[in-house]
Amino acid sequence: MAVNLFTPWRMGKFDLSHRVVLAPMTRCRAIDETPLPAHAEYYAQRSTRGGLLITEGTLISDTAAGYGLLCPRSSCTPGIYTEEQVEAWKKVVDAVHSKGGIIFCQLWHVGRASNHVYQPGGCAPISSTNRSISDKWRVIMPDRTLDVFHKPRALQTHEVWQVIKQYRRVAENAIRAGFDGVEVHGAHGYLIDQFLKDSINDRTDEFGGSIENRCRLLMEILKTVAREVGANKMGLRISPAIDPMDAMDSNPLGLGLAVIERLNKFQAELGSKLAYLHVTRPRFIINGTKNYGEEGEDEEDRLMRAWRRAYQGTFMSSGGFTRELGIKALVDGDTDLISYGRLFISNPDLVRRFKVDAPLNGYNRETFYTQDPVVGYIDYPFLDQENKEVTH
């Protein structure tokens, strides 16, 4: 039978009942970087038996934040580096498991994509470099205004190793909270991506210069996290060909292949594959804000298929998929799993709607990032509820 969105898949030690994954999405609903009861409801709503969910980016330390709404001197994105945060996440995980779902915690550090207001003591954000993100990009401030990203401070070599240890500690915390696994966020212009991309990384130490050195932070993090949780309970997200916040590389194809080459070698040495490699398609952002046209879509397909062919393990794609595009990608063998973001925000029962090919709720961008624990978060209607606004 032809593969489709509801063909089961063996992902490492996990038996998935379908290929529809909840993508990691910042939603800005935490208070003092701690999940609320609404988080448990939000993730439980989107849980299905044998379905995979990936949490929003979850902070690894008090220097990791870069977003906040109505949260002076604190981030409204959750962390997992304190005991209070671990205890709060346990309730979220329990809610998902009660529905038969599988949930991974995305481990996140924004690096230079921050502002002094979100940093302990008002210090400079940390990064691979001392260079700022250009003024064409803006950070959301606690009062919902926009400001520039502040000039970062390049980590000293010994400090890079301290960050690696932080990833080990939060990976341990995630398992203690009951998560089934973790995803290392190495994409989208955040800290790990700031080491990977040659337009940002201007270091001259063991973490800069050659492609080997630029991949070192990522690989050291993966090694330490794998030792803590097991490679088969660890995923990785990368985005070699998109350039948010000036995160460009002169050779995105080569960068992706270099990372994948190291992943394959790492897996062979361990005798165990990662749970998955999660790659963001470049259709959203290219050269700043320019969208792909027809020629760009051909280039996108070339890049994604090259990475797909090279990686020896479960391959997950994200980026603008519809139900039809998801089915096509699976049928064409371009991916194994597909993560959905915006459609999952407004359709908590997206998996069911896809299965019966039902109309979808429209989403409201104005409520993507607010502090309201209900509106735009857990109030989107399910298919069997009446008086819903739908779009095809």
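## Helix α2

Let's start with a quick length check on helix α2 (residues 83-98): at 1.5 Å a residue, its 16 residues should span 22 Å, and the end C-alpha atoms lie 23 Å apart, which agrees. Bear in mind that this is a predicted model.

Which residues of α2 are buried? They are Q85, V86, A88, W89, V92, V93, A95 and V96. The buried residues of this helix pack against two helices, α1 (37-45) and α3 (157-176), as well as the strands β4 (52-59) and β5 (102-108). Just past the end of α2, G100 adopts a positive phi of about 85 degrees.

## Strand β11 and its partners

Strand β11 (residues 234-238) is largely enclosed by the rest of the structure, because five of its five residues are buried. Both faces are covered, with M234, L236 and I238 buried on one side and G235 and R237 on the other.

β11 pairs in the parallel sense with strand β10 (residues 181-186) over five bridges, and V182 sits opposite M234. It also runs parallel to strand β12 (residues 276-280), joined by four bridges, where Y276 is the bridge partner of G235. To get from β11 to β12, the chain passes through helix α7 (residues 252-270) in a right-handed β-α-β crossover.

## The nonpolar cores

L236 of β11 turns up again here: together with Y340, L236 touches the most other members of the largest nonpolar core, which has 97 residues. Helix α6 (residues 216-229) supplies the largest share of this core, eight residues. Beyond its sequence neighbours within four places, L236 has contacts that include V184, L218, L222, V259, L263 and Y276.

Another core, of twelve residues, lies apart from the largest one; among its members are L16, A275, M316 and L337.

Notes: Residues numbered from 1 in each chain as written. Predicted model: local features only at pLDDT ≥ 70, side-chain atom pairs only at ≥ 80, totals over all residues. Heavy atoms only, no water. Core = buried A, V, L, I, M, F, W, Y, C linked by side-chain atoms within 4.5 Å. Buried < 20%, exposed > 50% of the residue type's maximum accessible area, 1.4 Å probe, protein only. Contact = heavy atoms within 4.5 Å. Expected span 1.5 Å × (residues − 1). Pairing = 2+ DSSP bridges. Right-handed = clockwise from strand over helix to strand, strands pointing away.
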